[in-house]
Amino acid sequence: MNKQTSKLLNKKLAFVGSTDGTEPFIKAMLVSKREGNVFYFDSNNSSVRTAQWRENPNACLYFYGKPIYKGVMLSGTMEIINDPELKQKHWTPSMKRIYKGGVADPDYCILKFTADKGRYYCMLESEDFTL
């Protein structure tokens, strides 16, 4: 993994991909925490994407950079976590606006994405890497 890839992976906004088994889906999500090749997101147990990852944990993330076109795609798996201790570690007071029941709100969950490989793109050049 090169220096540019590492820089892109520290961005807070990721495009996150899932599938329903037939079609692919993508959405933008804020990364709440990163630990090496593991990325965490705050989400809802009731969301469409969470349901898709329960059925098929395959997922991907995409980060992009400016001023020239460059990006990095990671592929791996998504895990839905409802562990109260981990949820407490991720909780911030501003989340109370979304999760009225606080950290114990049954709709609040953590998504844990673990990357196993990736591909870096920059100006028509690309580089595959494993993690």
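These are my notebook entries on a pocket, the salt bridges and two loop residues.

**Entry 1, the model.** I worked from a predicted model throughout, and I kept in mind that local features were taken up where pLDDT is at least 70, while side-chain atom pairs count only at pLDDT 80 or more.

**Entry 2, the largest pocket.** I looked up the volume of the largest pocket and noted about 230 Å³ of space. I then went through its lining, which runs over Lys-12, Met-29, Leu-30, Val-31, Ser-32, Lys-33, Asp-42, Lys-89, His-90, Thr-92 and Met-95. I asked which secondary-structure elements each supply at least two residues of this lining, and I found the strand β2 (24-30) and the helix α3 (84-90). Sorting the lining by class, I recorded 4 nonpolar, 3 polar and 4 charged residues.

**Entry 3, salt bridges.** How many salt bridges does the structure hold? I counted 2 of them, and I took each in turn.

In one, the side chains of Lys-33 and Glu-35 meet at 3.2 Å, N to O. I had already written down Lys-33 as one of the residues lining the largest pocket, so I checked how open the two partners are: Lys-33 is partly exposed, with a relative accessible area of 35%, and Glu-35, at 40% relative accessibility, counts as partly exposed.

In the other, the side chains of Arg-119 and Asp-128 meet at 2.6 Å, N to O. Here I noted that Arg-119 counts as partly exposed at 28% relative accessibility, whereas Asp-128 is exposed, with a relative accessible area of 53%; the cut-off for calling a residue exposed is over 50%.

As a reminder to myself, side chains of opposite charge can pair when their charged atoms come close.

**Entry 4, the loop between β7 and β8.** I went on to backbone angles and asked where Met-123 is found. I placed Met-123 in the loop between β7 (108-122) and β8 (125-130), and I recorded for Met-123 a positive phi of about 50 degrees, although it is not a glycine. Leu-124 has its place in the loop between β7 and β8 as well, and I noted that the phi of Leu-124 is near 70 degrees, again a positive value in a residue other than glycine.

Is Leu-124 buried or exposed? I found Leu-124 to be exposed, with a relative accessible area of 92%.

Terms used. Residues are numbered from 1 along each chain as its sequence is written. Side-chain values use heavy atoms; hydrogens and water are left out. On a 1 Å grid over the protein atoms alone, a cavity is a set of points where a 1.4 Å probe fits but cannot get out, and a pocket is an open set with protein on both sides within 12 Å along at least five of seven lines; lining residues have an atom within 4 Å of a point. Grid points are joined across faces, edges and corners, and a volume is the space filled by probe spheres set on the points. Ala, Val, Leu, Ile, Met, Phe, Trp, Tyr, Cys and Pro count as nonpolar, Asp, Glu, Lys and Arg as charged, and the others, Gly among them, as polar. A salt bridge is a side-chain nitrogen of Lys or Arg within 4 Å of a carboxyl oxygen of Asp or Glu. Buried means under 20% relative accessible area, exposed over 50%, partly exposed in between (1.4 Å probe, protein chains only).
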